[in-house]
Amino acid sequence: MLGKEIGKDHRQKRIQDIILRESVSTQAELVKLLAKEGVQVTQATVSRDINELRLVRVPIGKGRHRYALAQYGGDSDIEEQLARLFQSFVQDVDRGENILVIRTADGHASGVALLLDRWKRDDIVGTLAGEDTIMVVARTTGEGESLMEEFNALMLG
């Protein structure tokens, strides 16, 4: 068991290094680059690593994207990054009482949720992200309403 964890840590470190120096737009490309470094891995494993590392896909122009490490700093940096991500990737925000559902472009929910988690707001109890959907639990119904307004404002810019 210990050996497996060391292998996973090493593989994820290699992924982070590759993402920092290469423009990687697909999981298949990442599998090939890892193989060049002697790390044999399946695309399914790379997909799990991408989710665990909370990598985000950022636009590079002409409808193309690349993987990047989620950047975050102070609260104002997080708000600016959230605004960029909401304007680029969030397609819809809906609410039922204190639960909000954010729909994103495929593959972007994890990166948006990471920044929502890093925002460290008292009115957000937590988030849960899939491939294109994020569930945000607000502390109260009233705070859910306020968050919905803020999220819509972030989408509009």
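**Stop 1: strand β4**

Select residues 99-104, strand β4 of this predicted model. Show the side chains. They alternate along the strand. Leu 100, Ile 102 and Thr 104 point to one face and are buried. Ile 99, Val 101 and Arg 103 point to the other face and are not buried.

Now centre on Ile 102. What is Ile 102 in contact with, leaving aside neighbours within four places in sequence? The list includes Phe 86, Val 90, Asp 92 and Val 93. Leu 116 and Phe 151 are also among the contacts. So are Asp 132, Thr 133, Ile 134 and Val 136.

**Stop 2: the sheet around β4**

Widen the selection to the sheet. Its 4 strands run in the order β3-β4-β6-β5, with antiparallel pairing, and the sheet is open. Which strands are at the edges? They are β3, residues 90-96, and β5, residues 124-129; each pairs on one side only. On average, neighbouring strands are turned by 20° against each other, direction ignored.

Walk across the sheet, pair by pair.

- β3 and β4: antiparallel, over 6 bridges. Pick Asp 94; its bridge partner in β4 is Val 101.
- The β3-β4 hairpin: 2 residues lie between the strands. Glu 97 has a positive phi near 60° here.
- β4 and β6: antiparallel, over 5 bridges. Leu 100 stands opposite Val 136 in β6.
- β5 and β6: antiparallel, over 5 bridges, with β6 spanning residues 133-138. Ile 124 stands opposite Ala 138 in β6.

**Stop 3: helix α6 over the sheet**

Select residues 141-156. This is helix α6. It lies across β3, β4, β5 and β6. Relative to β3, helix α6 runs at about 165°.

**Stop 4: the largest nonpolar core**

Keep the sheet and α6 on screen. Add α4, residues 75-89, and α5, residues 109-118. Nonpolar side chains tend to be buried together in soluble globular proteins. In this model, the largest nonpolar core has 25 residues. Which residues have the most contacts inside it? Select Leu 82, Phe 86, Ile 102, Leu 116 and Phe 151. Ile 102 is the β4 residue from the first stop, on the buried face.

Colour the core by element. At least two residues come from each of α4, β3, β4, α5, β6 and α6. The biggest contribution is from α4, with 6 residues.

A second, separate core is present too. It holds 15 residues, including Val 39, Ile 50, Leu 53 and Tyr 67.

**Stop 5: Gln 87 on α4**

Stay on α4 and pick Gln 87. Is Gln 87 buried or exposed? Its relative accessible area is 44%, so Gln 87 counts as partly exposed. Not counting residues up to four places away in sequence, Gln 87 touches Leu 154, Met 155 and Gly 157.

Now measure a distance in the viewer from Gln 87 to Ile 19. The two are 68 residues apart in sequence. In space, C-alpha to C-alpha, they are 23 Å apart.

**Stop 6: the annotated range**

Select residues 86-152. UniProt lists this range as "domain: Arginine repressor C-terminal", in an unreviewed entry. Over these residues the chain is 39% helix and 37% strand. The end C-alpha atoms of the range are 9 Å apart.

**Stop 7: Arg 11 and Thr 45**

Move to helix α1, residues 2-21, and pick Arg 11. Arg 11 has 15% relative accessibility, so this residue counts as buried. Leaving aside neighbours within four places in sequence, Arg 11 is in contact with Leu 34, Val 39, Val 41, Thr 45 and Asp 49. Val 39 is one of the residues of the second core.

Follow the contact to Thr 45. This residue lies in helix α3, residues 43-53. Thr 45 is also buried, because its relative accessibility is 16% and the cut-off is under 20%. Show the side chain of Thr 42 as well. A polar contact of 3.0 Å joins the side chains of Thr 42 and Thr 45.

**Stop 8: the β1-β2 hairpin**

Finish on strands β1, residues 56-61, and β2, residues 64-68. They pair in the antiparallel sense over 5 bridges. Pick Pro 59; opposite stands His 65 in β2. Which turn residue has a positive phi? Lys 62 does, at about 55°, in a hairpin with 2 residues between the strands.

Notes:
Residues are numbered from 1 along each chain as its sequence is written. This is a predicted model: local features need pLDDT of at least 70, side-chain atom pairs count only at pLDDT 80 or more; totals for chains, interfaces and linings use all residues. Side-chain values use heavy atoms; hydrogens and water are left out. Two strands pair if DSSP finds at least two bridges between them. Axes are lines fitted to C-alpha atoms, for helices over the stretch in contact, and angles run from 0 to 180 degrees between N-to-C directions. Contact means heavy atoms within 4.5 Å. Buried means under 20% relative accessible area, exposed over 50%, partly exposed in between (1.4 Å probe, protein chains only). A polar contact is a pair of N or O atoms within 3.5 Å; within protein, one must be able to donate a hydrogen and the other to accept it, and residues adjacent in sequence count only if both atoms are side-chain atoms. A nonpolar core is a set of buried Ala, Val, Leu, Ile, Met, Phe, Trp, Tyr and Cys residues joined through side-chain atoms within 4.5 Å. UniProt positions are given in the numbering used here, feature names are shortened, and annotations may be inferred rather than shown by experiment.
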